[in-house]
Amino acid sequence: MATITECRGALDRLSDNLARADEDVRGAAALDRSLSCHVTDLDTTFTGRLADGRIRVDATVAGPPPAKADIRLAMTGDDLVAMVDGRLNFAKAWASGRVRLEAGFRDLLRLRSLL
């Protein structure tokens, strides 16, 4: 089972990957939205922002998200690490229910190119 430190590292790597991505992907990630990622098996939530094509983690809190973020993710720590490492396809994991993504319709349309 992935640790909180490994999950935080995965989010940092994801942010770095977004920053180095091609222009189409960076454009899709160029939102300014609050973000939460609930790691279900650790019952821990990372909160922050998706801004300027990067993920900025501001806090780590125990339990579910303390407030409703604009973009909300939920998954196990192992799935988070596997997705960032390229061993788990996000779209397939989302379609099968292993990963939950909740956002407004417009944000989902913009984020679809990231999937």
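This passage describes the sheet, the helices and selected residues of a predicted model.

The strands were examined first as a group. Five strands form an open sheet with mixed pairing. Their order is β3-β2-β1-β4-β5. Strands β3 and β5 lie at the edges, and each of them pairs on one side only. Strand β5 covers residues 100-103, and β3 covers residues 54-62. On average, neighbouring strands are turned by 20° against each other, with direction ignored. In a regular strand, side chains alternate between the two faces of the sheet.

Strand β1 spans residues 33-39. In the order of the sheet, β1 stands between β2 and β4. Towards β2 (residues 44-51), the pairing is antiparallel and is made by seven bridges. Here C37 has F46 of β2 as its bridge partner. Towards β4 (residues 71-75), the pairing is parallel, with five bridges. On this side, S36 stands opposite R72 of β4. Strand β1 is also mostly covered, as six of its seven residues are buried.

The pairing continues from β4 to β5. These two strands run antiparallel and share four bridges. One pair of bridge partners is L73 and L101, the latter in β5.

H38 illustrates the setting of a residue in β1. Its relative accessibility is 12%, so H38 counts as buried; the cut-off for buried is under 20%. Residues up to four places away in sequence are left aside in its list of contacts. H38 then touches D43, T44 and T45. It also touches G63, P64 and P65. The list is completed by L73, A74 and M75.

Two residues in loops have a notable backbone angle. D43 lies in the loop between β1 and β2. These strands form a hairpin, with four residues between them. The phi of D43 is positive, at about 45°, although D43 is not a glycine. With a relative accessible area of 39%, D43 is partly exposed. D52 belongs to the loop between β2 and β3. Its phi is also positive, near 55°, and D52 is likewise a residue other than glycine. D52 has a relative accessible area of 75%, so it is exposed; the cut-off for exposed is over 50%.

The helices were considered next. Two packed helices are described by the angle between their axes and the distance between the axes. Helix α1 (residues 4-20) packs with helix α3 (residues 77-84) at an angle of about 30°. Their axes are 9 Å apart. The angle makes α1 roughly parallel to α3, because angles under 35 degrees count as roughly parallel. The crossing of α1 past α3 is left-handed.

Residues from both helices make this contact. On α1 they are E6, C7, A10, L11, R13, L14 and N17. On α3 they are G77, L80, V81 and V84. By class, seven of the contact residues are nonpolar, two are polar and two are charged.

Both helices also lie across strands of the sheet. Helix α1 lies across β1, β2 and β3. It runs at about 165° to β3. Helix α3 lies across β1 and β4, and runs at about 110° to β4. Strand β1 thus appears in the lists for α1 and for α3.

Key: Residues are numbered from 1 along each chain as its sequence is written. This is a predicted model: local features need pLDDT of at least 70, side-chain atom pairs count only at pLDDT 80 or more; totals for chains, interfaces and linings use all residues. Side-chain values use heavy atoms; hydrogens and water are left out. Axes are lines fitted to C-alpha atoms, for helices over the stretch in contact, and angles run from 0 to 180 degrees between N-to-C directions. Angles under 35 degrees count as roughly parallel, over 145 as roughly antiparallel, 65 to 115 as roughly perpendicular and the rest as oblique. A crossing is left-handed if the near helix is turned anticlockwise from the far one by less than a right angle, and right-handed if clockwise. Contact means heavy atoms within 4.5 Å. Ala, Val, Leu, Ile, Met, Phe, Trp, Tyr, Cys and Pro count as nonpolar, Asp, Glu, Lys and Arg as charged, and the others, Gly among them, as polar. Buried means under 20% relative accessible area, exposed over 50%, partly exposed in between (1.4 Å probe, protein chains only). Two strands pair if DSSP finds at least two bridges between them.
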